[in-house]
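Biologist: I'd like to learn how to read a model like this one. Can we go through it piece by piece?

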Amino acid sequence: MHKVGIIGSGIAGLAAAIRLQLKGCETFVFESNTYPGGKLSEFTINGYRFDAGPSLFTMPDYVDELFLLADKNPKEYFEYTKLDEICRYFWQDGTKISLPAEKIALMNTINQNFGIEWKNVEKYLIESDRNYQILGSLFVDKSLHKLNTWVSKEAFKGYSNLLNLGLFKTLNQKNSNYFKNPKLVQLFNRYATYNGSDPYQTPASMSIIPHLEYNIGAFFPKNGMNGITNALYKLACETGVKFKFDEPVLEIITQNQKATGLRTKNKILPFDSIVSNMDISPTYRKLLPKAKAPEKILKQERSGSGLIFYWGVKKKFPQLGLHNIFFSDDYKAEFQAQFQEKNITNDPTIYLNITSKLKADDAPADCENWFILINAPANENQNWEEITARTRKNIIKKLSKILNENIEELIEAEELLDPQLIEIKTSSGQGALYGTSSNSPFAAFFRHPNFSKQFQNLYFVGGSVHPGGGIPLALSSAKIMANQFFQT
Ligand SMILES: Cc1cc2nc3c(=O)[nH]c(=O)nc-3n(C[C@H](O)[C@H](O)[C@H](O)COP(=O)(O)OP(=O)(O)OC[C@H]3O[C@@H](n4cnc5c(N)ncnc54)[C@H](O)[C@@H]3O)c2cc1C
């Protein structure tokens, strides 16, 4: 039996393990932490449950597909519902809107708030769908490092639409041309943050992201985001994958340009193939120190990170929903601070997620579990203590004003995650949430392939390699890798 050693049980490591086990391999997963899921995990403090990382679930088919592959009914493992409301948006001039998922209601809401601009929104979403069909099939579901991708039907469709795809202007330029109202520009610029990028740099092709939320939908797992990890971990165990927790891998052993085994904290073990779900940068720097590292790839700008405040709040706020955004007054300054100054402005946009709105047992009665994410630069050893204290003060002031409550007095449980801690907890290079940034039109071509060109039988999955970060893409990386397995 072909024995595979997998480094890491993040969402991509779990998916890789399931796929390879189902291909007939004997699969072993080694995880540094004492739990599976990596960034997609959970914790509880004083009766408040929090999903530690991701809060927005799109493209659930990528999860379902793994159960179907194992001939199981996904619903018996993992249930989720489509959200009726996409997000609530708040501006500091008092404007508030709640965007419903249903198309006619959505256009009516846009009409009520932004008048005739609803027609532009409708056109934008149609274009977003069309471009996703072209780019998604090429950049999300296939290897960019195999010739057959570039001579496929999908590729030729892409070449003939190159100018329409918006590779050569920024997302902000496209949105500013599309919408007259600056609030709509800001709202659609925000989608750059879905892969940790800057709307003033990322190409307009990123306007495919709203397609996922508005045309396909946003979803909520019945057991919270961590329900995805639990369901995949259960499936992996049932298919026969073996896990070793609290067992960091210290070295990938190679011989004659071939990966032959792993050295973990406790043992040296031979394997026929190795799959690394560790961020690509530390995989080379720490586990393959003698290998020739692909410097150009490893030096790509990291995606944005996050400063996350988990607050147990002893009051209910009916004016808030599951997903809420409190925009900054100067969006450009915010990204300038994040990507150029490597700092956080004093008026950052606040993302507030409250799972107890849909899953009541996530907070005690009459209370809410607030997950607050502020876009932050990747870790470059900034003074996080100072940035955190200042940002906490600024966001409490802003939320207190908009919600007309003294928020500080309502916080009865608190936890924090900053870029440095993200790096420590999951070995993500510089604590980036999504691997490398998409701030250049060529970013996709500078992500590491899902296989090694240097060592036979060495593969890579996860948010730092092709096709990129976020749950759906990390799951897709495992699919692309498994399709290449036994072929390279
Ligand atoms: C705060 C936050 C918010 C986010 N929001 C969203 C969102 O709303 N929607 C979305 O789709 N995505 C979101 N993301 C991004 C998403 O979480 C990631 O893209 C995805 O989970 C990455 O999965 P992964 O398998 O690549 O890596 P990880 O989750 O980083 O897993 C890697 C695993 O490998 C283990 N490991 C590393 N090195 C070793 C070693 N040497 N030996 C053994 N084990 C090792 C780590 O401990 C970890 O468990 C968010 C991320 C964060 C942190």
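Modeller: Sure, let's begin with names: helices (H or I, at least four residues) and strands (E, at least two) are DSSP runs, numbered from the N terminus. This is a predicted model, where local features need pLDDT of at least 70, side-chain atom pairs count only at pLDDT 80 or more, and totals for chains, interfaces and linings use all residues. Residues are numbered from 1 along each chain as its sequence is written.

Biologist: Okay, so where does N46 lie?

Modeller: Look in the loop between β3 (42-45) and β4 (48-51). The phi of N46 is near 45°, a positive value in a residue other than glycine.

Biologist: And is N46 buried or exposed?

Modeller: Count neighbours: a residue is buried if 20 or more other C-beta atoms, placed from the backbone, lie within 10 Å of its own, exposed if 12 or fewer, and partly exposed in between. N46 has 11 other C-beta atoms within 10 Å, so N46 is exposed.

Biologist: What about N256?

Modeller: N256 is exposed because it has 7 other C-beta atoms within 10 Å. Its loop runs between β11 (249-255) and β12 (258-264), and the phi of N256 is near 50°, again positive in a non-glycine residue.

Biologist: Which residues does a cis peptide bond join?

Modeller: H466 and P467, with omega about 0°. You'll find P467 in the loop between β20 (458-460) and α17 (471-484).

Biologist: Last one: what does L232 touch?

Modeller: Two residues are in contact if their C-beta atoms, placed from the backbone, lie within 7 Å. Leaving out residues up to four places away in sequence, L232 touches L14, A15, I18 and L66.
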